[in-house]
Structures are given as C-alpha cells and as structure tokens.
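Here are a few exercises to try with the model open in your viewer. Have a go at each task before you read its solution.

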Amino acid sequence: MKMVDKEDSDSGESQDYEEDDNVGKEEMGTESESNEEEESSANGSKSKKRLLPPISPSAGGESKKKKLKKELFKPPTAEEMTRLRETENLFHSNLFRLEIEEMMKEVQVKEKHKKRFQGWFAQLQTFLGNLKKSQEFDLSNLSWLKKSNVTIPVNVDLSKFIGTFTFFKPASVSVVGSYAANCCLAPNIEIDVRVEMPKASFLRSDFQNQRYILKRALYASYVASKLQTSNLAGSLEFSLLEGDPWKPILVLQCEEKLGKHIKVRLLFVPEAECFKMSQLGPDRANIKSKWATGKEDEDAIDLPSQFYNRSLALDAALTENEQWRLEAMQEQKALSEGIMLLKVWLKQRGLDQGFGAFSGYIISMYIAHLLKTRKLSAVMSSYQVVRNAWNYLAKEDWTTNGISLCQSSTGPSIEDFHLLYDVVFVDVTGYVNICGNMSKETFLQVKQESSVAIKCLDNHNINSFTALFMTKMPFYRQFDHILSIEASSVKKAEKHMDAPARLDTSGPWLAQRAMVSVLSQALGQRVHLICSQLSQAPSWSLVDDPPDPFEQPLVIGLALDPEHALALLTKGPVANLPEARAFREFWGEKSELRRFQDGSVCEAVVWSGGGMAQRRLICKEVVSFVAQKHLGLDTGSFVYVADQFESILELSEGENGALAITKASDALGRQLMQLEGLPLDIASVQGAAPCLRYSDPFPPRPYTAFKSKGNFETVALTTSESKNKYIAPIPVILTLALSSKWPEDLEAVRRIKAAFYVKLGEILKQQAKLISQPYPTHIDVLKEGFVFRMQVYHAREISLLKEMTTPQGLIKYKDTEESLALEMKYQHLPKLTSALHGLHMTYPSLGPASCLAKRWVSSHLLLDETLMPETCVELLMASTYLTPEPYQPPMQPQTAFIRFLQMLAKGPWTSEPIILNFREELKRPEIVEIENRFNSERSTLPPLFIVTPETRSGTVWTKHAPSSQILYRLTQLAKASLQTFDNELLSNENLDYKLIFRTPMNIFDIVIDLQPHCLRREESLDAVQPDRSKATQIGDRIPVVGLDLVQCFLQELRDTYSDHALFFCDRHGGSQIGVLFKPNVLQTQEFRVSHVNGHIPKPPKQMELSKDVFVEDVKILGEGIVKSITVKE
C-alpha cells in the first residue's frame, strides 16, 4: 500500500530545516543581546556597547554534549511513564506502536493541502451562492440539458413524469464526512461537500414515485453545467454515492488550485424539513404500482419501498446525522486516528466501496455509537479504539440483533427493520437504516475479518501490523473457490427463479442476493463463508449516459469448511418429518433415502468422489447441479475457478501416488523392524523423500514390467518403450540400536555399514521375500514396485568428520562441508519430512500446493540445489499455512499457490526472518532472540533466513542457495504471474493457465536444445497421457534408478564452467538449458592453465573466453544429448 507523497515529504523536510535554522538564529540573537545589556549596565557610564568575543565551536560542542548527557540520564516524566506502561500492556513491541504512529503521519492530510482546500472552498461557496434562479423546465423534456453538454446521470423513464423543475441557488454549502471529522485518508484525498437543495426546488409530494430521484439528478446536472464554465474545476465527472445508481454525485478535481491528490465530491441533499421523516419510513409504499405499470388494477397491492425510501431518507437525515457524529466525537484525536486505522483495514480487504459496502461512514458512525454507549472512552488510545471496535464487531450480529443511534421511541422498531432488511443499523432519526443496502454475507465477512484481526493482535509470533494494515487482499485470494456469472446469465437466472418484480431497486442486487441464498442453502456446512464481490462505484464523463447496473457480473467467493467441505454425502432430515418434503423438492432426483449407522432413515444426496483432488471439487458439483435446477444455468453460463492450475499436474499420480508410496514405506518399515538375525536391531525407519511429505510433483510410479516376446523383462534393460524412463529412488534413513562396539575410525565405520547392507539384503530375501541390491554406501530394496534407497545413520560418523587435531595434539571439532551434508541428510531432512507430513495431515491442500509451487519454480529453470533448493520452496509454502495472516489457511491448492506467489512478490525475507514454528515448539522469548539476531547480523546471514524448531541457526537450509539474484528473479516472475492472473482470471474464459509456467528464453546468452530421447517427457508441460495398457505386472528385478541424463550433463557443465557461467534447466522434462555468462568473463584475463576451458590465448600472456570455443566444448561434452546450440547475438 503506497501512502507516501514524495513531493509532500520532500517539501515538508526542507520547511522543517528552514524553521530549525531560524530558531537557532533567533536564540543566538537573543543571547548576544542579553549579554550586551548586562555588560552595559555593569559599566554604567559607558554609553558605547562592547560585543562579547565569539564562542568557539569546540566549547559550544562540549557544553551541548554535557547537556545531552544530562538529558539522557534524567528520570522519565509522568507522560513518558504512562506511554511506557501503555506500550508494555497493549502492544507486543515498541515496533508495533511506532509503525502505527508512522502510518498516521502518512495517511493524515497535510496542512498545505488543508490551506489549499480552504481557499478553493471559499471560492466554491461564493460561486454556488451567486447562481441565479433558472426558468421552469419540463421534466419530460431535457433538451435544455443537452445544449449544455450534460446528460442526466440516472436511468429513468421520463415519459412517466409530469411537472416542472426550477433551479434555485443552494440553501447552504458546507464540508461534511470524514474531512470534517478529521479522519480523511491521504494521499488520495476525497472531500465531501454537502450542497443543500432549497425547499423551493421541491413539492411536498416529490418523495413519491421517483420524482425526488429525477429532480436531484437535474439539480446536479445544472450545477455541473455551470461549473464547466468556471475555473474551479479542471475535470468534472459523475459518480455514484455508495455505488447506488439512484444517488449520482459530482466529482471535481482542480490540479492547478488543489493539486493532483484532492478530489471533491458534491453531495446533493434536500434542505432540512423539506420532507417529513415519517413519510420516508421503511414500511411506506412510496412507489405506486399504478404509476410504475401505467395500468389500473384494483387488486394490485402497493408493497413497502424500503430501498427507495432509505435512499431518500439518508439524504434528508444527512445534516442531523453529521451534527450528531461531530458532537459525539468532539474532535478527539485518538478516535479520529482509530477510525482512520479501521478505514485502512477495510480498504485493504475491499470492503469499503461499492453498493452495500461497509463504508468509512458506517464505521465512523459505529465508533460514535460505541462512545455514546460507553463501550469506548474518550481517553483511549487509537489502538484501544480499534481493538475494542473489532471485539464488538466480532461479537455482535446485526443480521439478527440490530443496533440503533436513536434515543427516542419515534419511528419503526428494530424488529420492523429486520423484516425488511438483511442488516440493521438505525440512525439518529430512527427512520433510516444506515446498512440498508448491505447484504447479510458482507456483514458476516466483516464479522469474520474482525475475529481474525483480534487473533492477529493476540499472536505474538507475527508482525500483526503488516498483516492487518499493509497487506492488500484481492477478492479471489480470500476464497478457495470463485464463481463468476455474467450479467446476461444473472438476468436469465432471475427469470428462471420467477421472483416478483420490485419497483424500488436500482439494480440487480436482490436477484443476485437470491442467487447467493440458493447456493448457500445448497452448500450448507460445506462453506463457512459465502460472499459476493462488491462492485466498485463507476465514474463517467458529463456527456455520457450513466452505466447500466444490470450489466454488472456477479462474482461469488466460497471459503470451504475444513470439516465438512469434502463430505461425500449431504444428509437431510428424517424421512417422516415435514422438512423432508422440502429437501426432496430442492434436490429433486438427486435425493434418495438412506439408512445410517444409528438406525435412522434420512433423505440424503450422494456426490461422486475419488481421490482428494476430486473430493475438493464436490462443491463445484453441488453448485453446477443447483445452478442448472434452480437458476436455469448450464455449466457454460458461468466460470468456476478452483483447480485450473492443478491441470499442470494431471499427468502425475499426485496425492494418490504419494499415498501409495507412504503405505508401501510404512509396510516396509514394519517388516524391517521385525527382522531377526541382524548384527544390530533397527531402532527407527524414517523417510526423507519429498513424496513422503506429499510434495513431489511427479512421485515415482510403481516399476512395472512390459510383456515382450512372451517374456517379462525389466523396463530399464530391454524395453524400448521406456529404456530412458527416469525411476527415482526413495531415500530412507535407518537408525540402529545403540552399541559400544562401533570403531573410532571413519573408514572402518563405512566398511561396517557396507557389510551391514550385505547382511540386510540376505535377511530381507529370506524373511521378507524382498528383492534388494546392496552397494558400499546404501542398499536398494524393491517393495510393491517402488525402489527404496536405505542408508544407515550412525551419529559418531558425523563427529568423526568434524574431528581435527591441532599441531599441539589437541582434538577439536569443526563443521566441514561433508559433515554438514551428512547432518542434513541424516538428521534435518527426516525431521522436516515428519513435520511437513504432519502439517499435510492437518491441511490436506499443503502437499498439492507445494507440488504446484515447485513445478512453477522448475518451469522457470530455477528449481535446483545450486539455485533454489526444493526444500526452501516447501518451507516457504508451509509458512503460508503456519502464518496465513491476514488470510485463513486455504483448503484449495490453487489458492495456496496464488498466496505463495503473493509472498514471493512481496519478498518479506529482506526485513524479517521466515519462522516456521511447527507444533508451537518455539516460545516467545526464543522467537524474540531469533529476531534480534536477524536484525543485528543481517549482513552476514543468507539472503533467505529460514528457522524451524530443529534448525534455529537459520542457515541450514539456505547457506549456499538461493542467492539474492535468484530471489530477485523469483520476485519479478511472481509479480508478472500475479499480474497475468489478476488481469485474465475472470475476464478471459479461454485463459491458458500454463502461460505463467512458461519462461522466456531470450534472456540467456546461449540456449542448448536437448535430444528428445534424453528427456523426462512425461513430466513436461505439454506432455500427453501415456498409454499404460501394456503394463501387466509389477517388475521382479531392481531397475536402473536415479539415472537422469540431462541432470548428469548439467552437473558436468557446472563442474567445468562454474567460474564462467550459470546454467538453468527445467528438471521436469525441460528440453533446453539456458546459459548466462557471469559479468566480466568475456574480458581479457591473465593466462592460467586451470582456466583454459572455452578460452583462446591472447598475446603476450593472456586469454579470452570465446563463445565459439565454448559452444564446441559443450557439443563435445554433450555428444548424443545436445541437439543444437543457439548463441544470442
């Protein structure tokens, strides 16, 4: 969120410096004058004044230092003590308070803007006060308005109106709203100016049949036509107040006089007592069916026009409500700052603008209500105001128990309002529901966000300020599923529902809310929140027709409930109850009787479901069925956004494959623990593979044999169909029982481990009937078609690697690259696998989301241990679940992936550590210690600092990679991907979701194309589903595993040319290798024998890297693998 006005801050700083200089000069002048007076009085007879010698800078500096030292050790004042106690009791840290104070400086309106506006506003008042009365204009003939190049800003049928309109100058012009209450947000300042239309412009009966709506629009149009000819407005346009098509306002901007940051909104309201408030009550029928239809119908009943009445009454009561708010707040600075914080909070969530929004006006009236009811105190700080407001919003429910500002018993009761509106918040007059346009779903969203905000404040382990006030939350990132229905489909659904026509609505809001209600009934407990996106208030030029509100699409967000969203069955009432009939009518042929385990016979609906991926889309199946049955919409009438990115992984077995591997691993572990006759018993079996934490985009498939010439042969040896198929081994770590007989020699330890592998293979064959192949460093075991690579972990081996002897004969222990690598393999990876596996069990979307993230990083050629290690990607994705604030943990992998991109685009690692507090093992003091270390040692730490309970140093996972350059590249790619997704998500039905998984190759100096037969083609983006019909049985021999020709070639290139270039490749079926030369390597260098690869000699004793020689070397190294090489010009 950008809130700093650079120009303003620069000018403000220079002004401060000038003032400081002047203050210094005045002080020096005063001091010298007093000295002169003292000297002259002492000498008495001397009339001539003698000046004191100038004070040396050093002497002044010393006295200043002494003064500062005294100030430093002075005891704190009472005000400072109060501030310290408040910070300690209310805020988690000084930083949170400082961040609030700093933001307040940025969002408050600067004095120079206030001065500019005051001068301009005086001119506006004079201009509007000098407008003369117009002639009478016929309401049904607006030709006079067209001559002024202004089009009336409302859509009404002029033929229904009889009478005339006459313009009279405004009764008064004054500033209202947030600017008047000192809670207006900068830098984009919107100032509301109330223009009171005099009583003479209206008849007493103009509150009926939309006459007020038409005259109000004509009054605004007449003022606009006059302002066009003045120099008060650089630009003029119409907009809608609260997004209501019946309430056009005039928005003007004058950069010459007001600057580019100020917009003024003219709100046209009737003069006080122009209409009686009792005539505008919500139960009054102020739009007659006879007038609307033009037909006489004795049986017609005029229904209450509560939405029309509310629109008119809110204008009529504006003056009284504004006066009450200003009296209640009494210019309390803390209250104003609290309102500003709440407005920023609402703005970041997209809840403050549009038709039915929880606007800044509503939140300010609510704060005033809390103050009047003594739930807030005038002495509270802005933080206390905000926290209490969230507390009460989270507890209260205005959909069932509305609140009122009215102290008298006049007007309808709260219960009467609830009969007509979804949300009730009654104003001071007792006749106006301030939240009359708000839907139930919008209020419930505000209520939920308030609960989340309180949890953020209570969570000491996160930066709650960033989560609450600095993180922008687009609508589609807040929900797991998004449903977008075009305007034409909304009209079609409205006709299909056969809802009675309403005369008092200005748009398709009621039809849209009815559709949301149907979907909410169908989904039930499967979603804990269902909301429609608030449409932003449009603006248009004076000559254009106003936009048609019925042309707006309906976008609905579904937040899935983790407990019920994946249920295969929708259980209804018991068959013999009256509710069962309504259930059958709603679900139609889908409903069926079922007997449950408790013996009850109930109506139920069963949905199709296979694996977890299919079960996550049960809500989509429910919505599709209900949309067709109750809304008349087929699947082509709307766009359902839920799993589009998951199609990238459709060729892999995904979660089902990982589940099969996990089951095989568990079975193998049980068999290993039961083996007899081993030299040492196996104490534990721990997996360390990504597939065991459900985060492998392409988990290994069971190794199958293919029938060839009547015999079953191994895939990797003789089958032509898959002779280059990549079969990944699954690493498993074995921990043996304790023994004191292990040798103290490193080589001896390794030989004993090799002998153990041989013995283990023999016993596995005898007792478990498993095929194995021992090697000096590991043993491969074939279990259910998967190849498990097992290695023995002996703690003493790592100690021996760290051991070193000094020249004095002392033994010391020091980390080495080899010891750190073994520590990573044997200690950290198994523990991480266990932690991420447990987190996946809690949040089943974590694994697939990690797969999407790793596939995205890999497709941009960055998923590599030397560039961006896959464990780092998994840990970053896990952080979006462990610390999801300000969001809730996602249920859909696609939503988690988008939030992962958002985190990459923000790049939080530069200013704060990534702390993954698995199982809440890290306590607050430990987290504070980690944060302090991060801040004090930031320059010496890796660019990406990731901490887990087992790796508190923060450098275990990221010591060698990624570099700051790779992180910057990821940030830029994430921003571009999000921008593409934002622009195309709901507007382009044919969006190619693979677009953000494709990386441009024109950034590389050299591109190496690879032979197709060397690639892992089944994993490429454009792969097709292979034919597996030939697979007939599980193979009975261990195939060649871990052989990836491209990765072997890539490693050889890095070993040879790592000093000169960087190499990039997509490990999942990438057909190209990108080469990027390091800076200055193409320049002439001193001749060195160890660096002659790719170089040509230059006299006298120098050499130069030649691209042609480099290309030839690569061709020789990659013979049989390299297809062609392209050099960038």
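The exercises below work on a predicted model.

**Exercise 1.** Find the residues that touch the most other members of the largest nonpolar core, then find the helix that gives this core its largest share.

*Solution.* Start with the core itself, which has 76 residues. Phe645, Trp856, Met868, Phe897, Phe900, Leu944 and Phe997 touch the most other members. Next, look at where the members come from: helix α31 (residues 893-906) supplies the largest share, eight residues. Apart from this core lies another one, of 72 residues, with Leu218, Ala233, Leu236 and Leu542 among them.

**Exercise 2.** Pick out the contacts of Phe997, skipping residues up to four places away in sequence.

*Solution.* Go along the chain. You'll meet Phe645 and Ile648, then Leu852, Arg855, Trp856, Ser859 and His860, and after those Phe897 and Leu1021.

**Exercise 3.** Work out whether α31 is enclosed or open, and check its span.

*Solution.* Count the buried residues: 13 of the 14 qualify, so α31 is largely enclosed by the rest of the structure. Now the span: first C-alpha to last is 20 Å, close to the 20 Å expected at 1.5 Å a residue. Just after the helix, Gly907 has a positive phi of about 60°.

**Exercise 4.** Decide whether Ser336 is buried or exposed, and find what its side chain reaches.

*Solution.* Ser336 sits in helix α13 (residues 333-348). Its relative accessibility is 5%, and the buried cut-off is under 20%, so Ser336 counts as buried. Its side chain reaches the backbone oxygen of Ala181 at 3.2 Å. Leaving aside neighbours within four places in sequence, Ser336 contacts Ala181, Asn182, Cys183 and Met329.

Key
Residues are numbered from 1 along each chain as its sequence is written. This is a predicted model: local features need pLDDT of at least 70, side-chain atom pairs count only at pLDDT 80 or more; totals for chains, interfaces and linings use all residues. Side-chain values use heavy atoms; hydrogens and water are left out. A nonpolar core is a set of buried Ala, Val, Leu, Ile, Met, Phe, Trp, Tyr and Cys residues joined through side-chain atoms within 4.5 Å. Buried means under 20% relative accessible area, exposed over 50%, partly exposed in between (1.4 Å probe, protein chains only). Helices (H or I, at least four residues) and strands (E, at least two) are DSSP runs, numbered from the N terminus. Contact means heavy atoms within 4.5 Å. The expected span of a helix is 1.5 Å times one less than its number of residues. A polar contact is a pair of N or O atoms within 3.5 Å; within protein, one must be able to donate a hydrogen and the other to accept it, and residues adjacent in sequence count only if both atoms are side-chain atoms.
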